Amino acid sequence: MQERTVRGACPHDCPDTCSLITTVIDTKAVRVAGNPAHRHTDGALCTKVSRYTERTYHPERILHPLRRVGPKGSGQFEPVGWDEALDDIAARLKDVAARDPQAIQPYSYAGTMGLVQGEGMAARFFNRLGAAHLDRTICAAAGGEALVQTLGGKLGMKVECFAEAKLIVIWGSNSIASNLHFWRLAQQAKRDGARLVCIDPRRSETADKCHEHIALRPGTDAALALALMHQLITHDWLDHDYIAQHTLGWEALRERALQWPPERAAEVCGVPVQQIVDLARAYGTTKPAAIRLNYGMQRVRGGGNAVRAVACLPALVGAWRHRAGGLLLSASGHFPVRRAALQRPDLLTGRTPRTINMVTIGDDLLREASPDFGPKIEALIVYNSNPVAVAPESGRVVKGFEREDLFTVVLEHFQTDTADYADYILPATTQLEHWDIHTSYGHTDVLLNQPAIAPLGQSRSNTDIFRALAARMGFDEPCFADDDETLCRTAFGTSIDFDQLLAQGFATLPLPEAPFAQGGFPTASGRCEFFSAALAAQGQDGLPDHLPNFETAGSDPRHPLAMISPPARNFLNSSFVNVKSLRDIEGEPLLEMHAEDAEARGIQSGDTVRVFNGRGEYRCKAKVSARARPGVVNGLGIWWRKLGLDGTNVNQLTSQKLTDMGRGPVFYDCLVEVEKQ
Ligand SMILES: Nc1nc2c(c(=O)[nH]1)N[C@H]1C(S)=C(S)[C@@H](COP(=O)(O)OP(=O)(O)OC[C@H]3O[C@@H](n4cnc5c(=O)[nH]c(N)nc54)[C@H](O)[C@@H]3O)O[C@H]1N2
Ligand SMILES: Nc1nc2c(c(=O)[nH]1)N[C@H]1C(S)=C(S)[C@@H](COP(=O)(O)OP(=O)(O)OC[C@H]3O[C@@H](n4cnc5c(=O)[nH]c(N)nc54)[C@H](O)[C@@H]3O)O[C@H]1N2
Ligand SMILES: [Mo]
């Protein structure tokens with residue numbers, strides 16, 4: 001018996017990007033633990049990833065290629081050899097490409113966040129082919145664009161500095177569920193006397209543990225932020241020197257904010273005036289004050305404006321002067337990734353294929369060829385994503401995937417809702433079986449993932465599958481021969497010490513402790529842009545404003561309740577839903593309702609309810625709970641459709657409309673009605 005440990009990285013779409021230590025006995029991984037030497041991981045993992053071996057050795061793992069034998073969606077497949085599968089796929093793709101390669105659509109997201117198993121070899125393949133581009137907007141596009149237009153990039157405080165803050169505003173984030181290692185730092189600050197405020201329509205696990213919870217209506221964050229500015233101005237809790245030296249558009253913003261007295265915002269947000277006044281006082285008078293902004297608030301029509309409004313606050317009070325002051329939404333802009341070297345856009349050789357937005361895949365799969373749209377989508381290659389479960393308005397998505405004239409290949413670990421619609425399912429390796437290299441959006445370390453075990457069964461890494469397809473397509477550029485370790489080395493070139501990554505598993509970027517203490521915002525003006533000329537040039541309001549939801553409560557008497565669908569603690573989007581021990585903790589798909597709303601409809605906990613709107617309907621169990629505020633129901637996601645009561649999930653109800661910035665999704669801008677079954 002031979003025991004060894006291997007250093008890796010958690011691949012999942014989570015700000016924490018943990019450093020992993022996998023214990024291997026002979027050829028089997030027996031345990032995955034958090035690396036105690038990595039300060040952000042601090043030796044601790046979330047429940048999900050501490051069960052990673054359960055996922056890797058899951059009895060339902062797909063371990064050989066499968067070919068469809070039944071109708072699309074029926075989930076009936078037969079085993080097929082790799083050569084036969086790859087030959088047939090290449091022939092089909094060549095056939096479509098001969099007409100127009102843009103009719104071939106890649107669809108991927110962050111099943112793994114790895115730079116190599118993500119778009120490393122895949123992008124080379126699709127660029128060489130001239131396939132359509134995919135706008136990867138489904139998560140962070142609105143907030144990301146808002147940060148770029150305000151601060152100049154996806155940049156912010158160093159997460160470790162939150163431990164020293166005296167006020168922490170957790171804004172649109174259920175950190176205990178989705179950012180556990182940040183929560184540890186917030187706890188440390190709390191023990192040292194910091195005040196914790198949570199801003200969230202749902203009384204989340206995180207809200208329970210904060211001093212104050214502001215349960216605003218979904219999509220009203222900009223109104224709240226503008227009212228905070230109003231109070232900062234009228235009480236003169238401003239850092240005039242910082243504003244003068246390092247911001248742009250102050251006079252205009254001042255005028256805008258003065259239109260938002262707390263009474264007006266209280267009305268819009270559905271919260272007591274006093275809460276707004278108190279938060280403004282705390283924010284204006286506590287130093288250092290830090291905001292942990294997260295993506296919850298941007299999944300509505302005005303999500304970009306909301307993030308911009310919040311991102312203006314630290315500059316107004318000069319919070320950036322201190323390393324424990326400022327704001328963090330995403331740190332991903334700090335990493336010097338050599339994307340062109342990895343993904344090789346030069347292989348497009350001047351072609352400019354059309355771009356499809358992943359959020360509207362439902363509509364786009366159903367579109368006919370037209371001069372505006374280009375060719376009908378004829379082939380779809382899905383990897384690292386489960387669109388049938390996670391994309392909005394799934395009734396339309398399913399209809400698109402059902403098309404008999406669509407050729408679909410899915411690279412997966414499991415037979416997900418999406419894989420059910422595949423013509424071929426190709427078995428992919430998990431993080432324990434392949435190389436990868438990772439950035440993070442919640443801290444500033446690079447992590448290397450070394451394979452701990454050989455690929456299980458006949459599974460192959462995404463990179464390997466795209467290399468094999470490239471060979472069959474006749475792509476003979478030398479870059480298609482790069483192995484995964486070479487791709488890992490390519491990602492950062494010499495800007496990271498690869499030997500250090502090999503030896504310890506992670507490397508910390510050399511960055512200043514307080515990024516904007518002396519201004520230096522990487523915007524066009526070099527300032528924090530309250531007013532954005534770039535946005536104004538696009539025909540947008542150059543100043544942040546409150547944009548009411550597309551589906552504002554009260555606007556549709558048939559559907560009076562707002563529904564949000566934030567992630568469940570024990571799932572990672574739709575990943576892990578099929579890991580039984582984790583599914584057992586979550587129980588079953590639930591809709592949390594406030595007692596008033598439940599009572600008005602004769603609904604009690606445990607009742608089966610029909611949740612519906614003009615887009616569709618979905619059945620699940622009701623849970624009458626103080627976690628829901630009046631007028632808002634919470635459908636925790638993202639369940640596999642086939643594990644739900646009637647083979648659907650919350651996305652049956654969400655819409656394909658897009659946010660004000662970044663063309664992102666509006667999952668939390670959704671009106672419904674609920675009735676007892
Ligand atoms: N356990 C777990 N962790 C995850 C994920 C998961 O599925 N499970 N998903 C990962 C992914 S992909 C992402 S993008 C991140 C997401 O990370 P976060 O953006 O932190 O997302 P959540 O934890 O869902 O927090 C969103 C919170 O915003 C609240 N919210 C909804 N609408 C509004 C609103 O209009 N305003 C405000 N202020 N709050 C609102 C929700 O009730 C929820 O509590 O988490 C990652 N981590
Ligand atoms: N209603 C509602 N819908 C939402 C959200 C919400 O809050 N509410 N959140 C949205 C957000 S923030 C996001 S980020 C998206 C997430 O959407 P996705 O990125 O699609 O995330 P997952 O559902 O986790 O699906 C990832 C899939 O990739 C597979 N996978 C993992 N690693 C590998 C690999 O190495 N190779 C291959 N081939 N496959 C792999 C997993 O098995 C899994 O099935 O969902 C969005 N959808
Ligand atoms: Mo996400």
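Which residue forms a salt bridge with Arg 321? Select Arg 321 to begin, and keep in mind that this is a predicted model. The partner is Asp 241, and the closest N and O atoms of the pair are 3.1 Å apart. Now widen the view to the surrounding elements: Arg 321 sits in the loop between α14 (303-317) and β13 (326-328), while Asp 241 belongs to helix α10 (residues 240-246), so this salt bridge ties together parts that are 80 residues apart in sequence. Switch on the surface if you like. Arg 321 is partly exposed, at 39% relative accessible area, and Asp 241 is partly exposed too, at 41%.

Next, select helix α20, which covers residues 484-492. Show the side chains of Glu 485 and Arg 489, and you will find them meeting in a salt bridge with an N to O distance of 3.1 Å. Glu 485 and Arg 489 are four residues apart in this helix, a separation of about one helical turn. Glu 485 counts as partly exposed at 27% relative accessibility; for Arg 489, also partly exposed, the value is 37%.

Now move on to Arg 619 and Asp 646, a salt bridge whose closest N and O atoms are 3.3 Å apart. Arg 619 lies in strand β25 (residues 616-624) and Asp 646 in the loop between β26 (632-635) and β27 (671-676), so the pair links parts 27 residues apart in sequence. Asp 646 is partly exposed, with 31% relative accessibility.

Stay here and add Arg 610, Glu 617 and Glu 675 to your selection: together with Arg 619 and Asp 646, they are linked in a network of salt bridges. For the whole model, the count comes to 49 salt bridges.

Conventions. Residues are numbered from 1 along each chain as its sequence is written. Chains are lettered from A and ligands numbered from 1 in the order in which they are written. This is a predicted model: local features need pLDDT of at least 70, side-chain atom pairs count only at pLDDT 80 or more; totals for chains, interfaces and linings use all residues. Side-chain values use heavy atoms; hydrogens and water are left out. A salt bridge is a side-chain nitrogen of Lys or Arg within 4 Å of a carboxyl oxygen of Asp or Glu. Helices (H or I, at least four residues) and strands (E, at least two) are DSSP runs, numbered from the N terminus. Buried means under 20% relative accessible area, exposed over 50%, partly exposed in between (1.4 Å probe, protein chains only).
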